[in-house]
Amino acid sequence: MTISRDAVVDWIKAFADVIAVNKDYLTELDAAIGDADHGANMHRGFQAVLTKLPTVADKDIGTLFKTVGMTLVSTVGGAAGPLYGTFFIQLGSATTGKLELTMADWQAALEAGVNGVVMRGKANPGDKTMVDALIPALGAFKAASASNAALPAALRDAAQAAEQGMLATTPWVARKGRASYLGERSAGHQDPGATSSHLLLKAAADTWADNSGNVG
Amino acid sequence: MVAIVIVSHSARLAQGAAELARGMAGPDVPLAAVGGLDLPDQPLGTDAALIQKAIESVYQPDGVVVLMDLGSAILSTEMALEALPPEQRERIALCEAPLVEGALAAAVQSRLGASLAQVLAEARGALAPKAAQLGLVPPDQSAVTAAVPAGPALTLELAVRNRLGLHARPAARLVQTAGQFAGADVHLRNVTAGRGPVSAKSINAVATLGVRQGQIVEITAAGLEAEAALAALQRLADDNFGDVDEPAPPAERVVARPTVTSGEAGSLLGLPVSPGIALGPARLFQPAVLAIPTHRIDNPQAEWDRLLAALERTRAQIQAARTAVAQRTDRYAAAIFDAHLLFLDDEALRGPARAAIFDERLNAAAAWQRAVDSVSAAYQALDDDYLRVRAADVADVGRQALLNLSNGHSPAPLTQAGIVVAGDLSPADMAALDPSLVMGVCTAYGGPTSHAAILARTLGVPAVAGLGPGLLAVAEGTVLLMDGATGQVWPEPAAALAADYVRRAEAERSTKAAALAASAAPAVTRDGRRIEIAANIGSVADAQAALAAGAEGVGLFRTEFVFLDRRAAPDEEEQYAIYRAAAAGLEGRPVIIRTLDAGGDKPLPYLDLGPEANPFLGWRAVRVCLDRPEFFKVQLRAIVRAAAEFPVRVMFPMVATLGEWRQARDLLAEARAETAARGLPVPASLETGIMIEIPAAALRAKQFAAEVDFFSIGTNDLTQYVMAAERGNPRVAALADSFHPAVLDLIGRVAQAAHGLGKWAGVCGEFAGDPLAVPLLVGLGIDELSMSAPAIPRAKAIVRDLEAGRLGDLVERALAAETAADVRALARQAVRSNP
Ligand SMILES: Nc1ncnc2c1ncn2[C@@H]1O[C@H](COP(=O)(O)OP(=O)(O)OP(=O)(O)O)[C@@H](O)[C@H]1O
Ligand SMILES: [Mg+2]
């Protein structure tokens, strides 16, 4: 079972739609412990990505991911810009020249992407950031593929782990990003970045799990 | 120059911060502002790609400092950095300093040519002055510079009264004084102009504040020595930053006029710099020839050592020039060289030179030249003509060091008398000219505010500057006629014109001499009693002012200025040079040097005087000196040496007992023996006296009179001690009135005691110069009145009107009076009835 280039494009588009739908929700979350722009930031970024996608429609997956990353860097504006930007650029580096991805390819790419976010933001697990969704997701994906699970199952495990991680952030005190300026007052709110990360992985599971022909 | 990049979520904030930084550091600093997203609705945020472009647009090999606000600004900047080539990346530093303060500090420091590390350090320290301003100690201060001990920050605000503001000489004094306190972090801010704060320990930083006359500056000090540093700076400010009121140069703020202006027929017209008429052959002054090689070197350490050695040689030369000038004029003119010495040490010059040698492997001469050029360009860029002239100072020092580095040819010394003709002269060139051969100085460039011009004025050499390059066409030996008062110079003047000018010069000389003679005429009462009228001085320059006012000598030379505001005690040579210079300036008139009168009110770090609850009744003056005999004898030997050449007398302050007097006298004898033992000349005799300030000494004047040569009554202190009231306390100040009969009574007894044993008694202190006091003091038998120079002409006139023989009645009634007010009334009548 592999992930085709078109499936990759579909995932990006699907996520852009998810963000559009959840824009206000994400902004609400960010209003509680940040500067009320995460939804708007992500939406602006992924709308820009949508307009860029046709220019790389005939390129390899690596180029596609890098283009997404570069676009986010210049259009998101908030911390999510360099963070998701780095995430996608790392995905791109890991998939250079590829026109489809095996499960192992995706695992390697995801690992590079998550490592990129950690490297960029220097957040530790428990700091109440997107890292708290991404790291469990990567772990779950790896565990699933180690136990020979199929790609859709592994993707679902990853999305569920991301959701768990996202929910876990609620009681924590933020130690990175804007929310850290709130200190104790950041506790009791779900982290917006972890939420968007969960949505990203959920979109992957949703897009790539249905056997619509893109995934074969 | 180190480039600065300001990154913010908001483009407007970044641009605003950049605008502030440019406003302070000038337009030359490479500076880029970047913020927001490059989208039609300009959302807040950061964009790594834009930041990368901004860095590339201002990138400098000297380095780049990036200041950013928070969150994604940091992440995006780090991302931008990763996209740059590694060799550039390592010259780019991300700085955590606060955006606005950090940008200002970094820009100013960069403009001074500082290294990347220095710019970073300056930016990081940018919060300290703000915290100090708010009365807080910045929490991270110890982390930033471990050398600065924590302590509350103190501030001092004062108006700068110097006519030309804080220019090089006062600025140099300020930096020197601040620099003596390693344990204090001292910053200076031009409150009026809103510039700064900058480190008060960097001459360049201070000068860039552009402090002008009338502006308010704020000095902030933090650290263990903060208090001492501020006290020293306050005293310096009280002393007008060591500036004397020079005669106003004819044209203020004129820098240079490099165009030939023709005056009347065949003459050149320049800027009058120093008055006086001279007629003599032109002596072309050849500036040293300098070739500066530029090449790569293999051993940067050896190259750096070579530069340091050249700087040390330069220091020795400047110090020699300083000493030469100090002997000829006064310490203020000599202080020009202090600024030069500070430039030699300034990190703004040394840092970039070091970086160029070690990082770029540039040879020392080229590295130094570049550093000098950039600092002098920084001055040139300032919107203040006076500071622009300082560019010449930096260039002078730079050139001198280069000469030492490249073994260039030194200018040929003047061997024949004449008028020196040059493109421009540095103070060092000026000092090196043999005064007996220089009839005048004409330069093509430069102006009346240049240091060479100031030197020419103090040396009394006629000088004209800014005559234009046409001057340099004059051939060696051409006869020149010059008028320093009008700025006119005639090459090969017509015989009649020359004769006319020579006559005018002669006439000027004789009127001046006559005027001086009149003011110098002794003060003799109508019935023939001569009263010596002398001056109180506190510096070498004062000696000249005293002379001009008609002083017959100096009755009190306060030596405290030699000792204050410094870390280490002045050595014998320095003291000798100062005492000698003062005495020499008096043209044969006597000077009474008072030994050090310091106490808890004037702390001297090297004496460890410590604060006292009541310094005026404490360990001070001769009491301190007798407890520190070796320290005291340094001063005594310097006085003995000056006394070998000039009519110098010496007196001891604050003597209460005969024992103290005898101890001091014996130490003086030792100092004299030690001086003689070194083969140095000593005076055949040295008149030695005491100040009468303590009532005990006044009451025992008879016993003292048997041993001392003279008394000088210090009426200020005597009055305070007699009345037990200090003049600094407004609630009791009225009591401390020297007109009180009790004070007069004591003065009279002291005079009688002195006369009884053939000694003389004088009065120094403000009372001596008070027109109402003069008849009383003369009536009480005082032989000498010593006062501040401006009071002299009036006092002389009053004495000349007195009938000494008829003052007995006044004195009797004054001593019988009840109050100071009654005495004043009597004195007023006496002055009136004595037309
Ligand atoms: N250093 C970091 N490491 C990992 N994630 C981070 C870091 N800083 C912030 N985040 C994530 O980014 C999310 C916020 O994204 P958003 O786009 O709103 O940025 P922001 O905080 O408003 O940006 P800015 O720093 O420009 O103010 C947070 O909820 C958090 O999950
Ligand atoms: Mg936000």
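**Close-ups of chain B**

**View 1. Leu188(B) sits across from Val198(B) of β7(B).** This is a predicted model. The two partner strands here are β6 (residues 185–190) and β7 of chain B, which pair in the antiparallel sense over three bridges. Pull back a little and you get the whole open sheet: four strands of chain B, ordered β5-β8-β6-β7, with antiparallel pairing. At the edges are β5 (154–159) and β7 (195–199) of chain B, each with pairing on one side only. On average, neighbouring strands in this sheet are turned by 20° against each other, ignoring direction. Packed on the sheet is helix α11 (residues 226–238) of chain B, which touches β5, β6 and β8 (216–222) of chain B. The direction of this helix makes about 5° with that of β5(B). As background, strands of a sheet pair through backbone hydrogen bonds.

**View 2. Glu218(B), a residue of strand β8 of chain B.** Is this glutamate buried or exposed? Glu218(B) has a relative accessible area of 6%, and the cut-off for buried is under 20%, so Glu218(B) counts as buried. For orientation, look for Pro197(B): its C-alpha atom is separated from that of Glu218(B) by 8.5 Å, with the two residues 21 apart along the chain.

**View 3. The β15(B)–β16(B) hairpin.** Four bridges join these two antiparallel strands, and four residues lie between them. In the turn, Gly487(B) has a positive phi of about 85°. Within the pairing, Leu480(B) stands opposite Pro491(B) of β16(B). Strand β16 (residues 488–491) of chain B also pairs with strand β9 (residues 268–269) of chain B, again in the antiparallel sense, over two bridges. There, Leu268(B) has Val489(B) as its bridge partner.

**View 4. A nonpolar surface patch built from Leu279(B), Val479(B) and Val502(B).** The patch covers about 190 Å². One of its members, Val479(B), belongs to strand β15 (residues 479–483) of chain B, so this view ties in with the hairpin strand. With a relative accessible area of 37%, Val479(B) is partly exposed.

**View 5. Asp809(B) and Arg813(B), a salt bridge within one helix.** Both residues lie in helix α34 (residues 808–816) of chain B, four residues apart, which is about one turn of the helix. Their closest N and O atoms are 3.8 Å apart. Asp809(B) is partly exposed at 46% relative accessible area, and Arg813(B) is partly exposed at 43%.

**View 6. Arg665(B) and Glu707(B), a salt bridge with a closest N to O distance of 3.5 Å.** This pair links distant parts of the chain, 42 residues apart. Arg665(B) comes from helix α26 (residues 658–677) of chain B, whereas Glu707(B) is in the loop between α28 (701–705) and β23 (710–714) of chain B. Arg665(B) is partly exposed, at 31% relative accessible area, and Glu707(B) is partly exposed at 26%.

**View 7. Arg354(B) with Glu347(B), plus a salt-bridge network.** The closest N and O atoms of Arg354(B) and Glu347(B) are 3.1 Å apart. Arg354(B) is partly exposed at 30% relative accessible area, and Glu347(B) is partly exposed at 33%. Elsewhere, a network of salt bridges links several residues, among them Glu572(B), Lys633(B), Arg637(B), Glu670(B) and Arg678(B). How many salt bridges are there over all chains? The count comes to 38.

Notes: Residues are numbered from 1 along each chain as its sequence is written. Chains are lettered from A and ligands numbered from 1 in the order in which they are written. This is a predicted model: local features need pLDDT of at least 70, side-chain atom pairs count only at pLDDT 80 or more; totals for chains, interfaces and linings use all residues. Side-chain values use heavy atoms; hydrogens and water are left out. Two strands pair if DSSP finds at least two bridges between them. Axes are lines fitted to C-alpha atoms, for helices over the stretch in contact, and angles run from 0 to 180 degrees between N-to-C directions. Contact means heavy atoms within 4.5 Å. Patches are made of residues with over 30% relative accessible area and no salt bridge: like charges are joined within 9 Å, nonpolar side chains (Val, Leu, Ile, Met, Phe, Trp, Tyr) within 5 Å. Accessible areas come from the Shrake-Rupley method with a 1.4 Å probe; for residues, only the protein chains shown count as cover. A salt bridge is a side-chain nitrogen of Lys or Arg within 4 Å of a carboxyl oxygen of Asp or Glu. Buried means under 20% relative accessible area, exposed over 50%, partly exposed in between (1.4 Å probe, protein chains only).
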